[in-house]
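Visitor: Could you walk me through one part of this model closely, namely the aromatic rings, and show me the setting they sit in?

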Amino acid sequence: MTLEKANELLAVQALMGGGYNRNGAKLILAEVQREYGQEAVNQLITTMELEQIFGFTPGTEFRN
């Protein structure tokens, strides 16, 4: 998955909010972490304001 595609998918999850979308966002971030590393995950969390939406904090490790 490209970072651009991850950004698009996370935007949809963030727009909808809720528990199921939080789990979907975690799966997307886990794949980003596996492919691009923690810095890419931290950047997505910050730029997409996922801390406010889902409570994800930079530095959190996501695994499938």
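Guide: The secondary structure of the protein chain consists of four helices and zero strands, where helices (H or I, at least four residues) and strands (E, at least two) are DSSP runs, numbered from the N terminus. Read from the N terminus, the order is α-α-α-α. Bear in mind that this is a predicted model, in which local features need pLDDT of at least 70, side-chain atom pairs count only at pLDDT 80 or more, and totals for chains, interfaces and linings use all residues. Residues are numbered from 1 along each chain as its sequence is written, and side-chain values use heavy atoms, with hydrogens and water left out.

Now to the rings. Rings of Phe, Tyr and Trp (its six-membered ring) pair if their centres lie within 6.5 Å; planes under 30 degrees apart count as stacked, over 60 as edge-to-face and the rest as tilted. That rule gives two aromatic pairs. In one of them, Phe54 and Phe56 are tilted, with 5.5 Å centre to centre and 35° between the planes. Phe56 also pairs with Phe62: the centres are 5.1 Å apart and the planes stand at 75°, so this pair is edge-to-face. Together, the ring pairs link Phe54, Phe56 and Phe62 into a cluster.

How covered are these rings? Phe54 and Phe56 are both buried, a term for residues under 20% relative accessible area, with exposed meaning over 50% and partly exposed in between (1.4 Å probe, protein chains only). Phe56 counts as buried because its relative accessibility is 3%, and Phe62 counts as buried because its value is 6%.

From Phe54 we can step across to helix α1 (residues 3-16), the place of Gln13. Leaving aside neighbours within four places in sequence, Gln13 is in contact with Phe54, and also with Tyr20, Asn21, Gly24, Ala25 and Ile28; contact means heavy atoms within 4.5 Å. Gln13 has a relative accessible area of 16%, so this residue is buried. Val12 is found in α1 as well, but Val12 is partly exposed, because its relative accessible area is 48%. The C-alpha atoms of Val12 and Ala25 are separated by 9.2 Å, with the two positions 13 residues apart along the chain.

Helix α3 (residues 38-47) adds to the picture, with Ala40, Val41, Asn42, Leu44 and Ile45 buried. Their cover includes α1, α2 (19-36) and α4 (50-54). Just after α3, Glu49 takes a positive phi of about 55°.

Finally, the whole chain. Of its 64 residues, 38% count as buried. Residues 24 or more positions apart account for 51% of the contacts with a separation of 6 or more. The radius of gyration, taken over C-alpha atoms, is compared with a globule rule of 2.2 Å times the number of residues to the power 0.38. For 64 residues, a compact globule would come near 11 Å, and the protein chain, at 10 Å, agrees. Along the principal axes, the C-alpha atoms fill a box of roughly 25 × 20 × 20 Å.
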